[in-house]
Amino acid sequence: MTVLVTGVHGNIGSRVAAKLVEAGHRVRGSSRRPSAAPEGVEPVELDLTEPRGAAEVLAGVEAVFLYPVRGGSVAPFLEAARKADVQHVVLLSSPAAFEVHEHDRLIGLVHRAVEQAVQDSGLSHTVLYPSWLASNARRDWGEQIRARGRVGIAHPDAQVNPIHIDDVAEVAADVLTRDAHRSRMLVLTGPESVPQRSLVDVLADVRGAPIGIDALTREEALAQRPEWMPEPVLEALLDVAAAAVGVPATVTNTVERVTGHPSRTFREWATAHRHEFV
């Protein structure tokens, strides 16, 4: 089977591609600027919002892993996929598309627009909604922990349900290549709901050194906003965190139903990535 993985250089896309190759499938990995792809993956150039050459990229492709994009419509690409007789699309979306405080704001609207385009395309598809990614800890906290052994968090008692990105990749690879678990949507979570401060405790235990927590005010969090994150997105995330203080996050058994094994824990992810916090 031939599968096109868009966003192949991303944390999840690269793992989806690797899982597919491991299972013996032919994989094309697309990006706007092709470079070294995961082993066994054919790199191809493709801009989803300006899909010149899409027909060639999609020739013989039976399934597509679609990474969400901002700044343009994916409808022309999806039309090319329909003409190429692609049998199924797996879209990586976000709970922001339906969650309170997010679905009607920037991050939610972006994901909803891509979902709508997929639905309007008429292609058979499944939308994946992974919960709080375990790798967010590296993105949001890694530099602070390495530099000063402390981390600033607004609402550290907000509950999250961290999912290991390898679980997301395994589910995606399964749904791309088998019809056993294909449905309109799959909500993917880790095995438990925990406050963010508990995740910091796990990181401290794994690295073998304490990590202090500075509870940030909303104003402090906004002042420390990373350049890559639009302010409206951070504002929405702060509202979500405030609403999640003391409120259990949703936990599903979807990963186990699809893969046959329980969701991996945050500790498993943290142990594998210990070097990024020391």
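## A tour of two helix crossings and two cores

Helix 1 passes helix 6 in a right-handed crossing. Keep in mind as you look around that this is a predicted model.

**Stop 1: helix 1 against helix 6**

Select residues 11–22 for helix 1 and residues 165–177 for helix 6; their axes lie 8 Å apart and meet at an angle of about 50°. That angle makes helix 1 oblique to helix 6. Now show side chains. On helix 1, the contact is made by Asn11, Ile12, Arg15, Val16, Lys19 and Leu20. On the helix 6 side, pick out Ile165, Asp166, Val168, Ala169, Glu170, Ala172, Ala173, Leu176 and Thr177. Colour this contact by residue type and you will find nine nonpolar, two polar and four charged residues.

**Stop 2: Asn11**

Stay on helix 1 and select Asn11. Is Asn11 buried or exposed? Neither label fits: with a relative accessibility of 42%, Asn11 counts as partly exposed. Setting aside residues up to four places away in sequence, Asn11 touches Ser135, Arg138 and Ile165. If you would like to try the distance tool, go from the C-alpha of Asn11 to that of Val44: the two are 18 Å apart in space and 33 residues apart in sequence.

**Stop 3: Glu170**

Cross over to helix 6 and select Glu170. Its relative accessibility is 17%, so Glu170 counts as buried, the cut-off being under 20%. Which residues surround this side chain? Beyond those up to four places away in sequence, Glu170 touches Lys19, Thr259, His261 and Arg264. Lys19 will be familiar from the helix 1 side of the first stop.

**Stop 4: the largest nonpolar core**

Next, select Val5, Val16 and Phe65, the residues with the most contacts inside the largest nonpolar core, which has 28 residues. To see where the core draws its members from, colour strand 1 (2–6), helix 1, strand 4 (63–66), strand 5 (88–92), helix 6, strand 9 (185–188) and helix 10 (254–259); each supplies at least two residues. Which element gives the most? Helix 6 does, with eight residues.

Centre the view on Val16. Leaving aside neighbours within four places in sequence, Val16 is in contact with Val5, Phe65, Ala169, Ala172 and Leu176. Ala169, Ala172 and Leu176 also belong to the helix 6 side of the crossing you visited at the start.

Before moving on, highlight Leu46, Phe77, Ala81 and Leu123, which are among the members of a second, separate core of 26 residues.

**Stop 5: helix 5 against helix 7**

Now bring up helix 5, residues 136–148, together with helix 7. Their axes come within 12 Å and cross at roughly 55°, and the two helices are therefore oblique to each other. Here too the crossing is right-handed. Show Ala137, Trp141 and Ile145 in helix 5, which meet Gln196, Leu199, Val200, Leu203 and Arg207 in helix 7. By type, the residues of this contact divide into six nonpolar, one polar and one charged.

**Last stop: Gln196**

Finish on Gln196, found in helix 7, which runs over residues 196–207. Gln196 has a relative accessible area of 10% and is buried. What does Gln196 touch? Not counting residues up to four places away in sequence, its contacts are Trp132, Trp141, Ile153, Ala154, His155, Pro156, Ala158 and Val160. Trp141 is one of the helix 5 residues from the crossing you have just seen.

Note on methods
Residues numbered from 1 in each chain as written. Predicted model: local features only at pLDDT ≥ 70, side-chain atom pairs only at ≥ 80, totals over all residues. Heavy atoms only, no water. Helix = DSSP H or I, 4+ residues; strand = E, 2+ residues; numbered from the N terminus. Buried < 20%, exposed > 50% of the residue type's maximum accessible area, 1.4 Å probe, protein only. Contact = heavy atoms within 4.5 Å. Axes fitted to C-alpha atoms, helices over the stretch in contact; angles between N-to-C directions. Parallel < 35°, antiparallel > 145°, perpendicular 65-115°, else oblique. Left-handed = near helix turned anticlockwise from the far one by under 90°. Nonpolar A, V, L, I, M, F, W, Y, C, P; charged D, E, K, R; others polar. Core = buried A, V, L, I, M, F, W, Y, C linked by side-chain atoms within 4.5 Å.
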